[in-house]
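Please open the structure in your viewer and keep the sequence panel beside it. The tour below moves from the whole chain to single residues, one selection at a time.

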Amino acid sequence: MSAGKSVQKIAIFGNGLAGLLCAAKLVQILPAAVELIYVEETKASDTDDLFGTVTSQTIYEFFLGLGIYEPDIVQQTNSSFSLGTQYKNWGPENRSWTQSFYRSLPAYNGVGFHHYLTRVNAASKNTADIQPYIMSVQAAQAGVFAHPPEEKNIPLADVEYGYHFDADMWRKTIRNVVKSSNVTWIKSDVLNATWRRETLRSVSLSDGRNIEADFFIDALGPNSELATGRASPEATGRQLKATKSFVPSETLGGTCRILTGTPNGWTSETPLQNGTTVLTVFDSNFDGKSVENPTTQRPLAFDVTLGRQLTPWSGNCLTLGHGAARIEPLTPAPMILLQRDIDRLAELLPVTEKMRVESREYNRRFNADYDHAELFQSAFYMSDISQETADSNAVTNSPPEQKLVDKITQFKSRGVLVQYDYEPFTERDWTVLYFGLGFYPDRYDPLADHIPDSQLKHRLAQMRTAIEIMVKKMPPHHIYMTGLLKYLKEKNG
């Protein structure tokens, strides 16, 4: 059987972060014999704000794989360091906690740390919380920051961090990286696409050019002209509205995005070097007229229909970004999933015109990723699984996934962290979320009783004290950033 014609030309069509990040990745890995074309539409994406304003800690390694380094990010954009998101007034119980990034907490005698907290809580109800034992949480709440050192025996070494970002600023920086490579860059709009069965043959542009390629990547969003002939994204039934505004400031804020629950949705405030981005998301049935706007400027408003393609890779065309899926920016999920989509494409990039095996595997893992991300986010709306999850039903218009019910049931029953293969959110993420929502296990691992009470209390007290001392030594976020920018400027002349 013939292997098929080799892939010699790849064309990316984009107008925002998804296409640019994909191009930056392919520039790094494509052999010289494969031509890469990037067609940028003249109008920038109007859905990039759906990627949110905060990343997870995984973005650092992802950027290194694109040839983008931290000095580029902090010097060329208004990005700041992120230790996570602080949720306030969340749910019917108005709960507050910080969902942060950190390395695993110690496991004594092979027993997970949360089991010891459950043991403490069993002795004295509602006295145990995981937050005081997470270095990044305490630093975030104090608004301080410092890079984790190589030294492993101090609490700061357990900190992991991401970035607060503005999509417009990131587009400019990543565009410069791509344009400085050997990519063929075209600035034009798509007029129409020619499909034959499941194969995209060519794309006509507004400047008169006709683009032909062996493999196409559509990163033009939900209203892409390339979508003709392909299935529409499957909607979840949830329709949201959002507004975005910016409050200028001369002083950088803290190291946490602050996300506050409202009767009809939520509002986040993300500190950047030159101000604060305010993003408000609310139910589509709410008119939004009473949404507070902290600026005198008219906020950017847009509608959001959540959903995804079940087969984003169809034939010789892959849909990437918001044309493939749209997920609520309640957590760093939108950026995490985009990173995983791009890394998965790089792994499965076709080498011949016969790409059915690659597309099938991509689609399988794509759907698994989004299923698991939606499980994590759905958990935010489940206050009590014993009451038919009324919160979840009200928000999603559908009963909760059985997988999610099973996860929460196992944790609340005996502290077991059920984890499915390749979940985008880790056991650490789930543990902090459970505690934040007030889901304390009824039982703990009996092996946790092997440490005497006095010894356990001493260990926990030592951890808290060491973290408190370290936090007091760390500089405020704005002072650290000012010093870092000054150092980088002097170093680079």
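What follows is a walk through the model, with something to select at each stop.

**Before selecting anything**

This is a predicted model, in which local features need pLDDT of at least 70 and side-chain atom pairs count only at pLDDT 80 or more, while totals for chains, interfaces and linings use all residues. Residues are numbered from 1 along each chain as its sequence is written, and side-chain values use heavy atoms, with hydrogens and water left out.

**The whole protein**

Begin with the full C-alpha trace, which spans about 75 × 55 × 55 Å along its principal axes. The radius of gyration, taken over C-alpha atoms, is compared with a globule rule of 2.2 Å times the number of residues to the power 0.38; for 493 residues a compact globule would come near 23 Å, and the protein's 24 Å agrees with that.

Colour by secondary structure next, and the protein shows 13 helices and 19 strands, where helices (H or I, at least four residues) and strands (E, at least two) are DSSP runs numbered from the N terminus. Of the 493 residues, 52% count as buried; buried means under 20% relative accessible area, exposed over 50%, and partly exposed in between, with a 1.4 Å probe and protein chains only. Contacts, meaning heavy atoms within 4.5 Å, are also worth a look: among those between residues at least 6 apart in sequence, 76% join residues at least 24 apart.

**The six-stranded sheet**

Select β7, β2, β1, β11, β18 and β17, which in that order make an open sheet of six strands with mixed pairing. Its edges are β7 (184-187) and β17 (313-314), each with a single partner strand, so one side of each is left without a neighbour in the sheet. Two strands are said to pair if DSSP finds at least two bridges between them.

Now highlight β1 (residues 9-14), which pairs with β11 in the parallel sense over five bridges, and which also pairs with β2 (residues 35-40), again parallel, over six bridges. To see individual partners, pick K9, whose bridge partner in β2 is E35, and then I12, which stands opposite I217 in β11.

Stay on β11 (residues 215-219): five of its five residues are buried, so this strand is largely enclosed by the rest of the structure. Showing the side chains, you will find F215, I217 and A219 pointing one way and F216 and D218 the other way. From β11, three bridges lead to β18 (residues 317-319), which runs parallel to β11, and I217 stands opposite L318 there.

**The three-stranded sheet**

Move to β8, β9 and β10, an open sheet of three strands in that order with antiparallel pairing. Here β8 (190-196) and β10 (210-212) stand at the edges, each with a single partner strand, so one side of each lacks a neighbour in the sheet. The twist averages 25° from one strand to the next.

Within this sheet, β9 (residues 199-205) and β10 pair in the antiparallel sense over three bridges, and selecting S204 leads to its bridge partner in β10, N210.

**The nonpolar cores**

Which residues have the most contacts inside the largest nonpolar core? A nonpolar core is a set of buried Ala, Val, Leu, Ile, Met, Phe, Trp, Tyr and Cys residues joined through side-chain atoms within 4.5 Å; the largest has 125 residues, and I10, L21, W170 and F215 are those with the most contacts inside it. Centre the view on L21 and, leaving aside its neighbours within four places in sequence, you will find it in contact with F62, F63, L66, I174, M335, L338 and I342. Apart from the largest core lies another, of 17 residues, among them V39, L205, I211 and C317.

**Three single residues**

Select L64, which has its place in helix α2 (residues 59-64) and counts as partly exposed at 31% relative accessibility.

Most residues other than glycine have a negative phi. Two stops have a positive value instead: N109, with phi near 55°, and R197, with phi near 60°. N109 is found in the loop between β5 (95-100) and α4 (113-123) and counts as exposed at 54% relative accessibility. R197 lies in the loop between β8 and β9, and at 85% relative accessibility R197 counts as exposed.

How values were computed:
Axes are lines fitted to C-alpha atoms, for helices over the stretch in contact, and angles run from 0 to 180 degrees between N-to-C directions.
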